[in-house]
Amino acid sequence: MEHPDNVVLVIFGASGDLTSRKLVPALFSLKCQKLLPSGFAIVGSGRSSFTEDGFREKMRSAILSAHRDRNPDPGMIQEFLKLIYYVTMDSSVAETYSRLREKLDLLNSSKATGYNYIFYMATPPVLYEVISTNLAKAGLADQTAGFRRFIIEKPFGYDLASAQNLTRKLHGLISEKQIYRIDHYLGKETVQNILVTRFANGIFEPLWNRNYIHRVEITSAENIGVEERGGYYDSSGALRDMVQNHLLMMVGLTAMEPPSSLESDAIRNEILKVFQSLQPLQVSDVPKQVLRGQYVESRISGERIPGYRSEKGVSPASRTETYVAMKFYVNNWRWGGVPFYIRTGKRLPVKVTEIVIHFKRTPHHLFQRNEGSGNSNKLIMRIQPDEGMLLNFDMKEPGSGFNTKNVDMDLRYSSLADVRLPAAYERLLFDVMLGDSTLFSRDDVVETAWRFLEPVLDVWKNDPAIKLYGYPAGTWGPDVADNLVDGCGLTWRYPCNNLAEEGEFCEL
Ligand SMILES: NC(=O)c1ccc[n+]([C@@H]2O[C@H](COP(=O)([O-])OP(=O)(O)OC[C@H]3O[C@@H](n4cnc5c(N)ncnc54)[C@H](OP(=O)(O)O)[C@@H]3O)[C@@H](O)[C@H]2O)c1
């Protein structure tokens, strides 16, 4: 295992939700696995005023909460908290960076961190450019003394123009190699396992093409609503929040050609080629191939579930989508004519992310098919929760005749006793320390994804006739989404039933 060089990690936005729920618990896990370098420090920053001890106490609670199932060793937490520092500063104000610099100079002397810095932008996106500019002004972006890496949280841009603009501004300050755009889905073991499944097993690759695959279906469903993030979500919506990054990345990994090596650019070049092959959506395709919805009030197990428009921070007249379903094609030799269906939504019946490869049926049906049978073979890669792989096929039902039964061969990661799935942020933070950008989005990949979605954003914005479908919270989204899937009687895969007892499918 490679070991990272000594470094200081500076987190902008350290008083926020992401730092407490994900970043610091992930760093604590790295400490427990002895993966942090010997000279290491975390400097949190934000406008909220904390003493260093006060901030450490906040982080202690965050670790205890995030790792409550693992009963972390109090001694280890205490050791870890000694690595944490805090600087109160408004990161939009250039003058405050002298305070940060002083702290970094002190840490360089005491921990021999070699002027290596990683800057994590866990702030509202409007600050990404401002913070980078201020770091550059303070001489903290220049790599002559040590390495300087910038981690940028999602969303990277609001549309194609803003993403290009942000990249241009960053490139005026630092090089692309210094930028690590986080898509935390890529940090998930099961997402990385897509590559291993495809390229480490001789049995799948010969079938992985238009000759044997009928369609590809990718679902990322959440059962919660927008919770405390209504304000952010209402200006974003499911297309920007989920499709542009996580869902398209899964399309990229599922559809890409074998890379020539595991070098970061070799993999990202192949993902880029997939995005470049996406059949462009014309304005007239949007109503036929893209469907949007918004959850409305319902009742589940007698409990009233509020509609999206009643959520905190959301406009009562909002037309922001909380559900998107799309059909599109990857126009290349491997995938020509194979439809890709993707969908994501909030307040669906379960939390599940999965990729379903539907294979073509046999050319001739010899056997009697019983109820529950008669489907094509499916390979299901379950990304979360209940991570694993499931191969679905027909077998003979015991007894007379040749009746068939549809069965699953099911591998769950949780059944592998010796396997602990590291959290996505654990892997990604460790990779940045190593300087490995394989699991981070590159400028051209991000821009190509935005370019593909531009017609959808334009049509939704400019054409008031485009429908927004209401779906009761706890259902699988607008019922008309089934019409997107081609072929008699074919539908999406529904891993469980709708939960809503009351509530109306309607047009909003
Ligand atoms: N939370 C998640 O699960 C999640 C998941 C994926 C991506 N993200 C992305 O991660 C970023 C942070 O999300 P979050 O949920 O942690 O947001 P949050 O809870 O609202 O925290 C934002 C942080 O930014 C700080 N901040 C705001 N203005 C500042 C300024 N002028 N100077 C210094 N600090 C400032 C705030 O601290 P002060 O008020 O103390 O200044 C706060 O610590 C966002 O871009 C979000 O899209 C979050």
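How many strands form the open sheet, and in what order do they run? This is a predicted model, and its sheet has 10 strands, lined up as β16-β15-β14-β13-β7-β12-β11-β8-β17-β18 with mixed pairing. At the edges stand β16 (404-412) and β18 (506-507); each has a single partner strand, so one side of each is left without a neighbour in the sheet.

Now for one pair inside that order. Strands β7 (residues 213-221) and β12 (residues 339-345) run parallel and share 6 bridges, with Thr219 sitting opposite Arg343 in β12. Helix α9 (residues 238-255) packs on the sheet and touches β7, β11 (323-329), β12 and β13 (352-359). The direction of α9 makes about 140° with that of β12.

Helix α9 also has a helix partner, α7 (residues 189-200): the two pack at about 20°, with axes 9 Å apart. Angles under 35 degrees count as roughly parallel, so that label fits α7 and α9. Here is who makes the contact:

| Helix | Contact residues |
|---|---|
| α7 | Val191, Ile194, Leu195 |
| α9 | Met250, Leu253, Thr254 |

By class, that contact comes out as 5 nonpolar and 1 polar, with no charged residues.

Zooming out, the domain assignment gives domain 1 (7-153) and domain 2 (186-421 + 442-507). Their C-alpha centres are 35 Å apart.

Then there's the ligand. It has 20 residues around it, and Gly13, Gly16, Gly46, Arg47 and Ser48 come nearest. Sorted by class, the shell around the ligand holds 7 nonpolar, 8 polar and 5 charged residues.

Methods. Residues are numbered from 1 along each chain as its sequence is written. This is a predicted model: local features need pLDDT of at least 70, side-chain atom pairs count only at pLDDT 80 or more; totals for chains, interfaces and linings use all residues. A residue is near a molecule or strand if its C-beta atom, placed from the backbone, lies within 6 Å of it. Ala, Val, Leu, Ile, Met, Phe, Trp, Tyr, Cys and Pro count as nonpolar, Asp, Glu, Lys and Arg as charged, and the others, Gly among them, as polar. Two strands pair if DSSP finds at least two bridges between them. Helices (H or I, at least four residues) and strands (E, at least two) are DSSP runs, numbered from the N terminus. Two residues are in contact if their C-beta atoms, placed from the backbone, lie within 7 Å. Axes are lines fitted to C-alpha atoms, for helices over the stretch in contact, and angles run from 0 to 180 degrees between N-to-C directions. Domain bounds come from an automatic or database domain assignment. Angles under 35 degrees count as roughly parallel, over 145 as roughly antiparallel, 65 to 115 as roughly perpendicular and the rest as oblique.
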